Amino acid sequence: LERAQSTRSDLGAPLQTRSLSPTSSYQSLPLPGSPSKPGTQNFLRGLKLGGFQNESLNVLFVEKPNATLVVNGRETYWPASGNFFVYKSAHTNTWGIGKAKRFKEIKDGKSHGLAHSP
């Protein structure tokens, strides 16, 4: 994202690990309760962000597999605090960070979030 100087990337690709910037990374994590047999696990994707002045953004954001949390046809990523989320912006065609309390406005295209990738 902008302050973390990340590289534009499609987060939906099924890669195990991919670097987004010098201070953030992307990784697939096994879903709790998923089968232990190799090749049969479902995975959650996660982003570890860093480099923001707002320390509450420098945390792990994990994909929430819930159809009601999809924005612009893409998954969203949430920290344990639930205060922010990472989403795909249709307006800028970039990934952005928004405040959870503005989820509906962002989903409806009426707000554009706090930060965006280049």
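Start your tour by selecting Asn58: leaving out residues up to four places away in sequence, Asn58 touches Lys48, Leu49, Gly50, Gly51 and Phe52. The model you have open is a predicted one. Asn58 sits in the loop between β3 (43–48) and β4 (60–63). Is Asn58 buried or exposed? With a relative accessibility of 14%, Asn58 counts as buried.

**Zoom out**

Switch to a cartoon view for a moment. The protein chain has 1 helix and 8 strands, and from the N terminus on its elements run β-β-β-β-β-β-β-α-β. Of the 118 residues in the chain, 41% are buried. Colour by surface if you like: the chain exposes about 6800 Å², and carbon and sulfur atoms supply 53% of that area. As for contacts with a separation of 6 or more, residues 24 or more positions apart account for 30% of them.

**Strand β7 and its partners**

Next, select β7, residues 94–99. Here 5 of the 6 residues are buried, so β7 is largely enclosed by the rest of the structure. Add β6, residues 84–89, which runs antiparallel to β7 and is joined to it by 6 bridges. To find one matching position, pick Lys88, whose bridge partner in β7 is Trp95. The two strands form a hairpin with 4 residues between them. Stop at Asn93 in that turn, where phi is positive, at about 55°.

Now bring in β8, residues 115–116, which is antiparallel to β7 and joined to it by 2 bridges. Which residue of β8 does Ile97 stand opposite? That residue is Ala115. Ala115 is buried, with a relative accessible area of 10%. Leaving aside neighbours within four places in sequence, Ala115 is in contact with Phe52, Trp95, Gly96 and Ile97. Try a distance label between the C-alpha atoms of Ala115 and Gly96: they are separated by 5.4 Å, although the two residues are 19 apart along the chain.

**The nonpolar cores**

Show side chains for Leu47, Leu49, Phe52, Leu57, Phe61, Tyr77, Phe84, Val86, Trp95, Ile97 and Ala115; these 11 residues make up the largest nonpolar core. The elements that give two or more residues to this core are β6 and β7. Centre the view on Val86 to see a good part of the neighbourhood. Neighbours within four places in sequence aside, Val86 is in contact with Leu47, Leu49, Phe61, Glu75, Thr76, Tyr77, Trp95, Gly96 and Ile97. Another core, of 7 residues, lies apart from the largest one, and among its members are Val71, Trp78, Tyr87 and Phe103. As background, nonpolar side chains tend to be buried together in soluble globular proteins.

**Aromatic pairs**

Keep the rings in view, as the whole structure holds 5 aromatic pairs. How are the rings of Tyr77 and Trp95 arranged? Their centres are 6.2 Å apart and their planes meet at 70°, so this pair is edge-to-face. The pair links distant parts of the chain, with Tyr77 in β5 (residues 77–78) and Trp95 in β7, 18 residues apart. Both Tyr77 and Trp95 are buried.

Move on to Trp78 and Phe85, a stacked pair with 4.9 Å from centre to centre and 20° between the planes. Trp78 and Phe85 are buried as well. Add Tyr87 and Phe103 to your selection, and you have one aromatic cluster made up of Trp78, Phe85, Tyr87 and Phe103.

**Salt bridges**

For the last stop, look at charged side chains: the structure holds 4 salt bridges. Arg45 forms one of them with Glu75, with the closest N and O atoms 3.9 Å apart. Arg45 lies in β3 and Glu75 in the loop between β4 and β5, so the pair ties together parts that are 30 residues apart in sequence. Glu75 also meets Arg74 in a salt bridge, at 3.3 Å from N to O. Arg74 is buried at a relative accessible area of 19%, and Glu75 is buried at 12%. Select Glu63 too, and you will see the network of salt bridges that links Arg45, Glu63, Arg74 and Glu75.

Finish at Asp108 and Lys104, a salt bridge whose closest N and O atoms are 2.8 Å apart. Here Asp108 is partly exposed, with a relative accessible area of 41%, while Lys104 counts as exposed at 56%.

Methods: Residues are numbered from 1 along each chain as its sequence is written. This is a predicted model: local features need pLDDT of at least 70, side-chain atom pairs count only at pLDDT 80 or more; totals for chains, interfaces and linings use all residues. Side-chain values use heavy atoms; hydrogens and water are left out. Rings of Phe, Tyr and Trp (its six-membered ring) pair if their centres lie within 6.5 Å; planes under 30 degrees apart count as stacked, over 60 as edge-to-face and the rest as tilted. Buried means under 20% relative accessible area, exposed over 50%, partly exposed in between (1.4 Å probe, protein chains only). Two strands pair if DSSP finds at least two bridges between them. Contact means heavy atoms within 4.5 Å. A nonpolar core is a set of buried Ala, Val, Leu, Ile, Met, Phe, Trp, Tyr and Cys residues joined through side-chain atoms within 4.5 Å. Accessible areas come from the Shrake-Rupley method with a 1.4 Å probe; for residues, only the protein chains shown count as cover.
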